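Visitor: Could you take me on a close look at one part of this structure, and show me how that part ties in with the rest? I work with computed models every day, so please keep the numbers in.

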Amino acid sequence: MRKYLILSIFFGFAFIPSAHAQGVPGDKDACEPDAYRLCDDAVPDAVAVEKCLRAHMKSLSSACKKRFAIGAGKK
């Protein structure tokens with residue numbers, strides 16, 4: 001339960017342009033495995049998890065990379 005609360009907070013604020021605060025549907029499913037695989041020590045700090053994922057961009061799954069691109073306004 002705690003795991004889902006932490007991730008929902010992270011994915012609620014991550015991947016959003018600073019101009020508007022909306023999460024991108026599918027972020028949790030796309031990046032949850034990468035977050036635990038690469039950034040487990042950063043949990044529960046959502047900002048730290050996002051920074052960690054960005055720092056490991058080359059190691060992210062293609063689905064998670066795509067979510068970062070969508071969140072940045074790229075398709």
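**A close look at helix α2 and its partners**

Guide: Gladly! Let me start with the whole chain: its accessible surface comes to about 4800 Å², and 58% of that belongs to carbon and sulfur atoms. Please keep in mind that this is a predicted model. The chain has 75 residues, of which 35% count as buried. It contains four helices and zero strands, so to speak of its order from the N terminus is to read α-α-α-α. If you take the contacts between residues at least 6 apart in sequence, 50% of them join residues at least 24 apart.

Now to helix α2, which spans residues 27–39. A good way in is through the disulfides, and the structure holds two of them. One is formed by cysteine 31 and cysteine 64, with their sulfur atoms 2.0 Å apart. The torsion about this S-S bond is about 105°, so the disulfide is right-handed. Cysteine 31 sits in helix α2, while cysteine 64 belongs to helix α4 (residues 62–71), and the pair links distant parts of the chain, 33 residues apart. Both cysteine 31 and cysteine 64 are buried.

The other disulfide joins cysteine 39 and cysteine 52, and here the sulfur atoms are 2.1 Å apart. Its angle about the S-S bond is -90°, and the link is left-handed. Cysteine 39 lies in helix α2 and cysteine 52 in helix α3 (residues 46–55), so this pair ties together parts that are 13 residues apart in sequence. Cysteine 39 has a relative accessible area of 0%, and cysteine 52 has one of 12%. With the cut-off for buried at under 20%, cysteine 39 is buried and cysteine 52 is buried too. If you number the bonded cysteines of the chain in sequence order, the pairing reads 1-4, 2-3.

Next to the bonded cysteines in our tour comes the packing. The largest nonpolar core has 13 residues, and those with the most contacts inside it are Cys39, Val49, Leu53, Leu60, Cys64 and Phe68. Helices α2, α3 and α4 are the elements that give two or more residues to this core. The largest share, five residues, comes from α2. Two of the bonded cysteines, Cys39 and Cys64, thus appear again in the list of residues with the most contacts inside the core.

Leucine 38 is another residue of helix α2 to look at. Leaving aside its neighbours within four places in sequence, leucine 38 is in contact with Cys52, His56, Ser59 and Leu60. Cys52 is the residue that forms a disulfide with cysteine 39, and Leu60 is among the core residues with the most contacts. For a distance to check in your viewer, try leucine 38 and alanine 55: they are 17 residues apart in sequence and 9.8 Å apart in space, C-alpha to C-alpha.

Charged side chains come next. Side chains of opposite charge can pair when their charged atoms come close. A search of the whole structure finds two salt bridges. In one of them, the side chains of aspartate 34 and arginine 37 meet at 2.7 Å, N to O. Both of these residues lie in helix α2, three residues apart, about one turn of the helix. Aspartate 34 is buried, with a relative accessible area of 3%.

The other salt bridge brings together the side chains of arginine 54 and glutamate 50, at 2.8 Å, N to O. These two are four residues apart in helix α3, so about one helical turn separates them. Arginine 54 is partly exposed, with a relative accessible area of 43%, whereas glutamate 50 counts as buried at 18%.

Let me finish with helix α4, which holds cysteine 64, the partner of cysteine 31. The buried residues of α4 are Cys64, Phe68 and Gly71. They cover an arc of only 65° around the axis, which puts them on the same side of α4. On the other side of this helix, Ser62 and Lys66 are exposed. Cys64 and Phe68 are also listed among the residues with the most contacts inside the largest nonpolar core. To bring it back to your request: helix α2 is joined to α4 through cysteine 31 and cysteine 64, is tied to α3 through cysteine 39 and cysteine 52, and gives the core its largest share of residues.

Technical notes: Residues are numbered from 1 along each chain as its sequence is written. This is a predicted model: local features need pLDDT of at least 70, side-chain atom pairs count only at pLDDT 80 or more; totals for chains, interfaces and linings use all residues. Side-chain values use heavy atoms; hydrogens and water are left out. A disulfide is a pair of cysteine sulfur atoms within 2.5 Å. Buried means under 20% relative accessible area, exposed over 50%, partly exposed in between (1.4 Å probe, protein chains only). A nonpolar core is a set of buried Ala, Val, Leu, Ile, Met, Phe, Trp, Tyr and Cys residues joined through side-chain atoms within 4.5 Å. A salt bridge is a side-chain nitrogen of Lys or Arg within 4 Å of a carboxyl oxygen of Asp or Glu. Contact means heavy atoms within 4.5 Å. Accessible areas come from the Shrake-Rupley method with a 1.4 Å probe; for residues, only the protein chains shown count as cover. The arc is that of the directions from the helix axis to the C-beta atoms.
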